[in-house]
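Q: Please take a close look at one part of this structure, the open sheet together with what packs against it, and carry the description outward from there into the surroundings. I would like the residue-level detail kept in view throughout.

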Amino acid sequence: MQRRKVLILGAAGRDFHNFNVVYRNDPSCEVVAFTGTQIPDIARRRYPPELAGPYYPQGIPIVPEEELESWIERERVDEVVFAYSDVSHEHVMHLASRAVAAGADYRLLGARATMLRARVPVVSVCAVRTGAGKSQTSRRVARILREQGVRVVVVRHPMPYGPLRADDAVQRFATLEDLDRYGCTIEEREEFEPHLSQDGIVYAGIDYGAVLERAQQEGEMLLWDGGNNDLPFFVPDLEIVVVDPHRPGHEVRYYPGEANLRRAHVIVINKVGTAAPENVARVREQAAAINPRALILEADSPVSVSEPERLRGARVLVIEDGPTLTHGEMPYGAGVIAARQHGAALLVDPRPYAVGSIAETFRHYPHLEQVLPAMGYGERQIRELERTILSTPCDVVVVATPVDLRRLMRLEKPAVRVTYELAERGRPSLEEVLAPLVERVRASRLSP
């Protein structure tokens with residue numbers, strides 16, 4: 001039998017999952033390559049044979065997305081599968097046009113084909129865009145469940161940005177030392193560290209079938225903490241989706257965020273206190289029209305500053321969450337809001353002082369001006385971020401990243417931390433929304 005040749009367009013996450021659950025054990029298909037984008041330095045690696053399975057004794061190459069047409073021609077690719085997130089619908093179809101013009105079919109894999117079913121209840125927290133507030137929503141959900149006595153385990157969307165090793169197929173994080181043990185990047189630490197600071201257990205990795213098996217042995221309930229605006233990898237019993245009124249209209253313009261919106265059981269409109277009222281109303285109307293069955297909640301993400309008095313009258317360098325500013329396309333985040341609220345005199349432009357890949361990030365994302373994205377996808381980039389901070393003249397550094405950068409690099413300047421948690425408005429609350437699943441867990445303890 002001639003195998004159907006497949007090329008998977010990815011960004012080191014969803015692409016590997018789709019391969020693992022759909023193609024790895026399918027003798028009728030041959031995945032000739034993954035492509036890589038969005039994340040620096042992810043191309044030119046290889047998905048290892050230990051993870052790729054018996055049909056791929058040499059593993060699978062990962063190549064730049066720019067080489068799409070040449071791979072289709074050289075390998076006579078039959079099918080191109082799109083498998084990454086937080087891009088416009090237009091972007092998805094530009095890639096479709098390139099694939100079709102080169103002679104291949106183009107495919108999007110759906111929820112039924114790619115979601116794994118757990119033996120325990122699953123709550124998922126996803127979003128319509130990066131930076132909408134799913135991280136603080138996930139933390140709020142985890143805290144509620146723990147307060148109700150539920151043994152909850154967090155499973156985080158994959159971020160395998162370092163070496164692809166079989167040992168990393170399943171990763172378990174229980175302490176901050178585990179972050180060092182696995183050599184986590186800043187992006188990984190930003191997602192894991194806040195959960196660990198609340199005494200949470202976090203699983204991640206590369207093979208989410210194996211991750212699920214381990215996590216459901218440890219937890220009475222699983223909390224899927226999504227990445228970008230991707231769909232969950234597990235079938236959710238309760239699907240919570242966060243929308244952002246600072247970017248009204250984006251909830252229906254980006255893939256697969258719109259799919260999340262249409263699937264949601266609960267829609268959380270976040271940041272209502274800092275968004276224009278007309279934008280909150282617009283997002284609410286859009287959400288209700290697209291998904292009239294969903295329950296819509298409102299929430300704030302108020303910022304807290306460790307030493308707010310340092311900001312008054314100061315020249316500040318604001319460091320924000322990297323993905324929120326880059327492919328999330330936000331021009332600012334919580335750090336800028338905090339600096340303005342507490343009377344900073346000037347937001348310093350870091351662009352003239354950026355070095356290496358940080359300077360390249362500014363060239364690639366020209367909407368960024370008076371903020372520094374906390375890019376740290378590897379040790380070299382972390383050191384380039386450090387050099388950029390040290391070179392930028394300012395009175396105070398505002399660290400508005402979920403991870404405290406002062407633990408990872410020298411700042412050599414006064415620094416304040418900006419943190420933010422979810423604060424729900426009105427009723428029903430997330431606690432009330434979660435109550436049926438909590439009761440289900442309690443009932444399961446009584447059954448033989």
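A: What follows starts with the sheet, moves to the helices and the core beside it, and ends with some backbone details.

The model is a predicted one, and the sheet in it is open, built from nine strands in the order β10-β11-β9-β12-β8-β13-β15-β16-β23 with mixed pairing. At the edges stand β10 (170-173) and β23 (423-425), and because each of them has a single partner strand, one side of each is left without a neighbour in the sheet. From one strand to the next the twist averages 25°. Within this arrangement, strand β8 (residues 122-127) and strand β13 (residues 238-243) run parallel and are joined by five bridges, and S124 has E239 in β13 as its bridge partner.

Two helices can be described against these strands. Helix α8 (residues 186-197) lies across β9 (152-156), β10, β11 (202-205) and β12 (221-225), and runs at about 160° to β11. Helix α16 (residues 430-446) lies across β8, β12, β13, β15 (266-269), β16 (295-300) and β23, and runs at about 160° to β13. 

P121 offers a residue-level view of the contacts made here, since it is placed in the loop between α5 (111-114) and β8. With a relative accessibility of 7%, P121 counts as buried, because the cut-off for that class is under 20%. Leaving aside neighbours within four places in sequence, P121 is in contact with E220, M221, L222, D237, L437, R440 and V441; of these, M221 and L222 fall within the range of β12, while L437, R440 and V441 fall within that of α16. H195, by contrast, is 74 residues from P121 in sequence and 19 Å from P121 in space, taken from C-alpha to C-alpha.

The nonpolar packing can be followed from the same region. The largest nonpolar core holds 123 residues, and those that touch the most other members are F19, Y47 and F234; the largest share of this core, six residues, comes from α16. Not counting residues up to four places away in sequence, F234 touches M115, L116, V122, V155, Y208, L212, L222 and W224. Another core, of 19 residues, lies apart from the largest one and has L7, W71, V92 and A99 among its members.

Aromatic rings add a further layer of detail, with the count of aromatic pairs coming to 14. In one of these pairs, the ring centres of F16 and F34 are 5.1 Å apart and the planes stand at 85°, so the pair is edge-to-face. Because F16 lies in helix α1 (residues 14-23) and F34 in strand β2 (residues 29-36), this pair ties together parts that are 18 residues apart in sequence. Both rings belong to residues that count as buried, F16 at 2% relative accessibility and F34 at 0%. The rings of W224 and F234 also form an edge-to-face pair, because their centres are 5.2 Å apart and their planes stand at 65°. Since W224 lies in strand β12 and F234 in the loop between β12 and β13, the pair ties together parts that are ten residues apart in sequence, and W224 and F234 are both buried. One aromatic cluster is formed by F16, F19, F34, Y47 and Y56.

Some backbone details complete the description. Most residues other than glycine have a negative phi, and most peptide bonds are trans. A cis peptide bond joins R427 and P428, with omega about -5°, and P428 is placed in the loop between β23 and α16. Y255 and P256 are likewise joined by a cis peptide bond, with omega about -5°, and P256 lies in the loop between β14 (254-255) and α10 (257-263). As for phi, D199 is not a glycine and yet has a positive value near 65°; D199 lies in the loop between α8 and β11, and at 68% relative accessibility D199 counts as exposed. E329, which is not a glycine either, has a positive phi of about 65°; E329 is placed in the loop between α12 (322-325) and α13 (334-341), and with a relative accessibility of 36% E329 counts as partly exposed.

Notes:
Residues numbered from 1 in each chain as written. Predicted model: local features only at pLDDT ≥ 70, side-chain atom pairs only at ≥ 80, totals over all residues. Heavy atoms only, no water. Pairing = 2+ DSSP bridges. Helix = DSSP H or I, 4+ residues; strand = E, 2+ residues; numbered from the N terminus. Axes fitted to C-alpha atoms, helices over the stretch in contact; angles between N-to-C directions. Contact = heavy atoms within 4.5 Å. Buried < 20%, exposed > 50% of the residue type's maximum accessible area, 1.4 Å probe, protein only. Core = buried A, V, L, I, M, F, W, Y, C linked by side-chain atoms within 4.5 Å. Phe/Tyr/Trp six-rings, centres within 6.5 Å; stacked < 30°, edge-to-face > 60°.
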